[in-house]
Amino acid sequence: MVQRRGKSSTPESSVIEKKIKRGNAQRQASAWRGSQTVLFVCVALAGCGIVGWLYLSQTDDITETLVSRSEVLSQPRIFTVQCSDDYENYKRFPGCTPQKCGRAVADNVVTREEAHTLKRLAERGLSLGGSDGGASILDLHSGALSMGKKFVNIYRYFGDQIRDIFSEEDFELYRDVRGRIQTLIAETFGLNSSHMYLTKPTFFSRINSTAPKTTHDEYWHPHVDKVTYGSFDYTSLLYLSDYGAEFGGGRFVFMDSNANRTVEPRAGRVSFFSSGSENLHRVEKVTWGTRYAITVSFTCDPEHAIANPALP
Ligand SMILES: *[C@@H]1O[C@H](CO)[C@@H](O)[C@H](O)[C@H]1NC(C)=O
Ligand SMILES: *[C@@H]1O[C@H](CO)[C@@H](O)[C@H](O)[C@H]1NC(C)=O
Ligand SMILES: *[C@@H]1O[C@H](CO)[C@@H](O)[C@H](O)[C@H]1NC(C)=O
């Protein structure tokens with residue numbers, strides 16, 4: 001859905017848009033509620049100072065759920081945030097370089113059945129290898145597959161046998177889904193989709209609660225995609241399994257200065273955002289079960305474009 005500014009009476013105007021202020025209104029509101037409670041507790045008890053300190057230090061962490069697992073969005077839910085100046089360090093590409101930044105979640109772009117098919121593809125591919133730690137990836141573009149403490153190239157390692165594992169239809173679905181996500185991002189941020197290019201890394205991930213064995217397994221650190229991978233301009237995640245049903249932990253967290261804002265994974269849910277510092281984020285540690293997702297990344301710079309994957 002195209003995101004409109006101002007008031008319009010088109011059906012699109014029902015797209016839920018929330019402006020997230022980078023200020024501290026929320027923290028102030030919370031501190032005010034906190035002080036009211038402290039006052040009450042102080043009347044009830046004597047140890048005012050200690051109780052107040054305990055209360056305020058515990059309410060310091062503010063977490064908001066942007067979209068929960070049980071919700072099913074019939075239209076994308078869009079949250080705008082002010083762009084960071086990260087993009088100024090790079091060449092600008094009209095029709096693509098972020099001018100409007102934010103994050104959004106959509107449940108109406110990939111069906112649960114398609115997500116299930118892609119998850120089976122991920123399971124088959126990842127069953128050929130897998131990290132010794134809890135986090136494995138499979139990159140259909142480069143062929144990179146986690147194996148033990150390193151990576152192998154599935155296309156080289158398994159040669160023609162790979163056709164016993166992946167079909168042409170699997171790749172077609174993958175390409176089709178990637179195209180839909182690209183269109184969605186273009187519509188949401190007002191871009192020309194033909195000026196956006198797939199970039200690397202774009203990969204399947206499988207995470208469970210096994211302890212890390214190398215730094216490759218440490219997926220939970222806060223990071224900014226544009227800082228980690230200079231070519232990224234828009235990042236998207238397609239979830240292939242359900243938070244709370246197939247795994248615990250593993251929520252996606254936008255770390256804003258005034259709150260941590262979470263997206264709960266749901267099979268078929270697409271979450272996407274501009275890749276700069278306005279979207280500092282992390283993934284919580286998975287505590288049980290297995291979490292599957294696909295990261296699909298886009299760049300505005302044709303020099304960093306990668307081709308759709310194809311069976312060799
Ligand atoms: C967000 O979570 C981190 C821990 O992951 C915490 O250190 C930080 O204080 C939280 N931020 C807010 C604003 O609650
Ligand atoms: C996590 O996955 C690895 C394979 O990558 C497997 O060896 C391990 O047993 C799994 N751990 C749990 C807790 O299921
Ligand atoms: C999008 O870009 C393509 C390729 O440069 C161009 O042909 C097309 O006219 C552009 N579309 C719009 C709506 O600007």
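## Exercises on a predicted model with two ligands

**Exercise 1. Place H141 and decide whether it is buried or exposed.**

Start with the chain: H141 sits in the loop between strand 6 (135–138) and strand 7 (144–148). Strands here are DSSP runs of E with at least two residues, helices are runs of H or I with at least four, and both are numbered from the N terminus. Before going on, some ground rules: this is a predicted model, where local features need pLDDT of at least 70 and side-chain atom pairs pLDDT 80 or more, while totals for chains, interfaces and linings use all residues. Residues are numbered from 1 along each chain as its sequence is written, chains are lettered from A and ligands numbered from 1 in the order in which they are written, and side-chain values use heavy atoms, with hydrogens and water left out.

Next, the burial call. H141 counts as buried because its relative accessibility is 19%, and buried means under 20% relative accessible area (exposed is over 50%, partly exposed in between; 1.4 Å probe, protein chains only).

Then look at the partners. Leaving aside neighbours within four places in sequence, H141 is in contact with Y155, Y174, L198, T202, I306, A307, N308 and P309; contact means heavy atoms within 4.5 Å. With Y174, the H141 side chain makes a side-chain polar contact at 3.0 Å. A polar contact is a pair of N or O atoms within 3.5 Å; within protein, one must be able to donate a hydrogen and the other to accept it, and residues adjacent in sequence count only if both atoms are side-chain atoms.

**Exercise 2. Work out what surrounds ligand 1.**

List the shell first: nine residues surround ligand 1, the closest being D60, D61, I62, A259 and N260. To be in a shell, a residue needs a heavy atom within 4 Å of the molecule.

Sort them by class: two nonpolar, three polar and four charged. Ala, Val, Leu, Ile, Met, Phe, Trp, Tyr, Cys and Pro count as nonpolar, Asp, Glu, Lys and Arg as charged, and the others, Gly among them, as polar.

Now the oxygen atoms of ligand 1. One lies 2.9 Å from an N or O atom in the D61 side chain, a backbone N or O atom of I62 is 2.6 Å from a ligand oxygen, and a polar side-chain atom of N260 is 2.3 Å from one. Finish with area: on its own ligand 1 exposes 360 Å², and the protein buries 65% of that (Shrake-Rupley, 1.4 Å probe; for residues, only the protein chains shown count as cover).

**Exercise 3. Do the same for ligand 2.**

The shell is S131, R206, N208, S209 and T210. By class, that gives no nonpolar, four polar and one charged residue.

For atom pairs, a backbone N or O atom of S131 is 3.1 Å from a ligand 2 oxygen, and a polar side-chain atom of N208 is 2.3 Å from an oxygen of ligand 2. A ligand nitrogen lies 2.7 Å from a side-chain N or O atom of T210. Ligand 2 has 370 Å² of accessible area on its own, and the protein covers 45% of it.

**Exercise 4. Find the largest nonpolar core.**

Set the criterion: buried Ala, Val, Leu, Ile, Met, Phe, Trp, Tyr and Cys residues joined through side-chain atoms within 4.5 Å. The largest such core has 48 residues, and those with the most contacts inside it are L140, F166, I185, F204, Y234 and L238. Helix 5 (residues 168–189) gives the largest share, nine residues.
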